[in-house]
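Let's take a walk through this one together. Have a look at the chain and whatever is sitting in it, then read on.

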Amino acid sequence: MKIVVTGGLGFIGSHTVVELQEKGFEVVVVDDCSNSDEKVLDGIEAITGKRPLFEKLDLKERQRVEDFFSRHADVAGVIHFAASKAVGESVDKPLLYYENNIGSLVYVLKELCKQRRASFIFSSSCTVYGQGDEMPITEEAPIKEAESPYGNTKQIGEEIIRDTCNVNPGLNAIALRYFNPMGAHPSAQIGELPVGVPQNLVPFITQTGIGMREQLSVFGDDYPTPDGTCIRDYIYVVDLAKAHVVALERLLASKNRENYEVFNVGTGTGSSVLEAIQSFERVSGKKLNYKIVARRPGDITTAYADTTRANEVLGWKAKYTLDQAMKSAWEWEQKIRG
Ligand code: WQD
């Protein structure tokens with residue numbers, strides 16, 4: 001079966017391509033390479049022995065999207081990662097985010113609606129919940145006003161898919177709301193490649209550990225949490241990639257109960273910033289140089305997933321621990337910078 005993975009050269013996309021190939025799917029990677037490198041295909045091939053088909057394509061170009069899907073009319077499903085994802089940048093450049101993240105989604109959905117039956121997996125985010133009122137966060141938790149245009153594009157994206165599924169019974173979709181993805185493939189052939197100064201915690205930790213960054217700034221230790229630092233649900237990227245394959249297979253086998261479903265994808269366990277640092281120190285044997293600074297505007301205090309629906313309905317559960325994920329992130333950092 002042929003599966004299209006948009007944004008397939010990206011961090012989560014590339015790990016999902018590997019899992020799809022290992023399950024025997026034929027994969028076509030689509031990426032505009034605006035925030036990724038075609039060399040990622042070498043890493044995927046090194047792991048699976050199969051180089052996926054690749055087409056460089058800007059999904060904002062409606063005609064080119066139409067041409068692509070007419071050439072791949074035998075596509076069984078699409079996993080849609082392609083989007084801009086830097087929260088801070090989205091505040092400075094909202095129209096770039098709305099045009100790219102919403103425009104691309106609309107054009108891909110238009111093509112899928114031409115098919116008798118289509119399976120579509122959407123890369124969503126726990127950011128849609130904002131600061132949840134109750135922990136752990138369930139899929140029924142209220143959707144809060146987005147803290148950034150990036151987060152808003154995920155909320156709007158889910159609504160577009162829901163409304164489109166409502167009038168296209170042949171379109172079957174699942175939105176996966178990720179918590180905090182981290183780590184790298186155990187082969188260290190693929191991993192996270194942040195462009196410039198990393199915004200996310202884990203790559204900043206490993207770049208500090210390798211000496212690329214002088215010191216990690218911990219954004220606040222005066223939060224109402226046990227150690228004062230923010231709590232997140234750090235999920236290993238390979239666990240997350242496997243969740244996409246399980247979700248896709250659910251749709252391909254018509255096991256979905258509704259033609260639009262939503263699942264939280266996390267470990268169900270919260271870890272603080274200081275606990276993440278301690279995890280790095282355990283797995284690397286190195287002391288991390290960090291200092292406590294002021295809070296980062298827009299940060300929420302605590303977020304970790306209620307994974308009941310993913311475990312019991314989707315039939316997926318995260319298997320890896322924070323230390324295992326952190327070890328893979330550290331091994332990847334040493335591989336690319338060592
Ligand atoms: C985690 C914690 C920071 C960096 C973001 C996006 C979200 C999703 C995942 C795409 C926070 C602290 C961080 C640093 C720090 N992305 N931190 N020093 O903000 O939970 O979520 O990435 O979907 O949409 O918002 O992740 O890794 O930026 O921060 O102290 O140098 O680490 O304050 O508490 P976040 P993060």
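Which strand gives the largest share of the shell around the ligand? That would be strand β8, residues 216-219, with 4 residues in the shell. Keep in mind as you browse that this is a predicted model.

## Who sits around the ligand

In total, 18 residues surround the ligand. The closest are Tyr 150, Leu 201, Ser 217, Arg 232 and Asp 299. Sorted by class, the shell has 9 nonpolar, 6 polar and 3 charged residues.

The shell isn't the work of one domain. At least three residues come from domain 1 (2-181 + 236-265), and at least three come from domain 2 (201-232 + 268-306 + 315-337).

## Oxygen contacts and cover

Now for the ligand's oxygens. The side chain of Arg 232 has an N or O atom 2.6 Å from an oxygen atom of the ligand. With Leu 201 the partner is the backbone: one of its polar backbone atoms is 2.7 Å from a ligand oxygen. Ser 125 joins in through its side chain, where an N or O atom lies 3.4 Å from an oxygen atom of the ligand.

How much of the ligand does the protein bury? On its own the ligand exposes 680 Å², and the protein buries 89% of that.

## The chain as a whole

Zooming out, you'll count 11 helices and 13 strands in the protein chain. The C-alpha trace spans about 55 × 45 × 40 Å along its principal axes.

What does the radius of gyration say about the chain? For 338 residues, a compact globule would come out near 20 Å, and the protein chain has 19 Å, so the value agrees with that kind of shape. As for packing, buried residues account for 55% of the 338 residues.

## Backbone oddities

Here's a bit of background before the next few spots: most peptide bonds are trans, and most residues other than glycine have a negative phi.

The peptide bond from Met 135 to Pro 136 is cis, with omega near -10°. You'll find Pro 136 in the loop between β5 (118-125) and α6 (149-167).

Two residues other than glycine have a positive phi worth a look: Cys 33, with phi near 60°, and Ala 188, also with phi near 60°. Cys 33 belongs to the loop between β2 (26-31) and α2 (40-48). Ala 188 is in the loop between β7 (180-182) and α7 (201-209). Is Ala 188 buried or exposed? Its relative accessible area is 11%, under the 20% cut-off, so Ala 188 counts as buried.

## Two more residues to click on

Try Leu 59 next, in the loop between β3 (53-56) and α3 (62-71). Leu 59 has a relative accessible area of 5%, so this loop residue is buried. Its C-alpha atom is 7.7 Å from that of Asp 32, although the two residues are 27 apart along the chain.

Then go back to strand β8, where Phe 219 lies. Phe 219 has a relative accessible area of 35%; that falls between 20% and 50%, so Phe 219 is partly exposed. How far is Phe 219 from Asp 323, going by their C-alpha atoms? The separation is 22 Å, and the two residues are 104 apart along the chain.

Key. Residues are numbered from 1 along each chain as its sequence is written. This is a predicted model: local features need pLDDT of at least 70, side-chain atom pairs count only at pLDDT 80 or more; totals for chains, interfaces and linings use all residues. Side-chain values use heavy atoms; hydrogens and water are left out. A residue is near a molecule or strand if one of its heavy atoms lies within 4 Å of it. A polar contact is a pair of N or O atoms within 3.5 Å; within protein, one must be able to donate a hydrogen and the other to accept it, and residues adjacent in sequence count only if both atoms are side-chain atoms. Accessible areas come from the Shrake-Rupley method with a 1.4 Å probe; for residues, only the protein chains shown count as cover. Helices (H or I, at least four residues) and strands (E, at least two) are DSSP runs, numbered from the N terminus. Ala, Val, Leu, Ile, Met, Phe, Trp, Tyr, Cys and Pro count as nonpolar, Asp, Glu, Lys and Arg as charged, and the others, Gly among them, as polar. Domain bounds come from an automatic or database domain assignment. The radius of gyration is taken over C-alpha atoms; the globule rule is 2.2 Å times the number of residues to the power 0.38. Buried means under 20% relative accessible area, exposed over 50%, partly exposed in between (1.4 Å probe, protein chains only).
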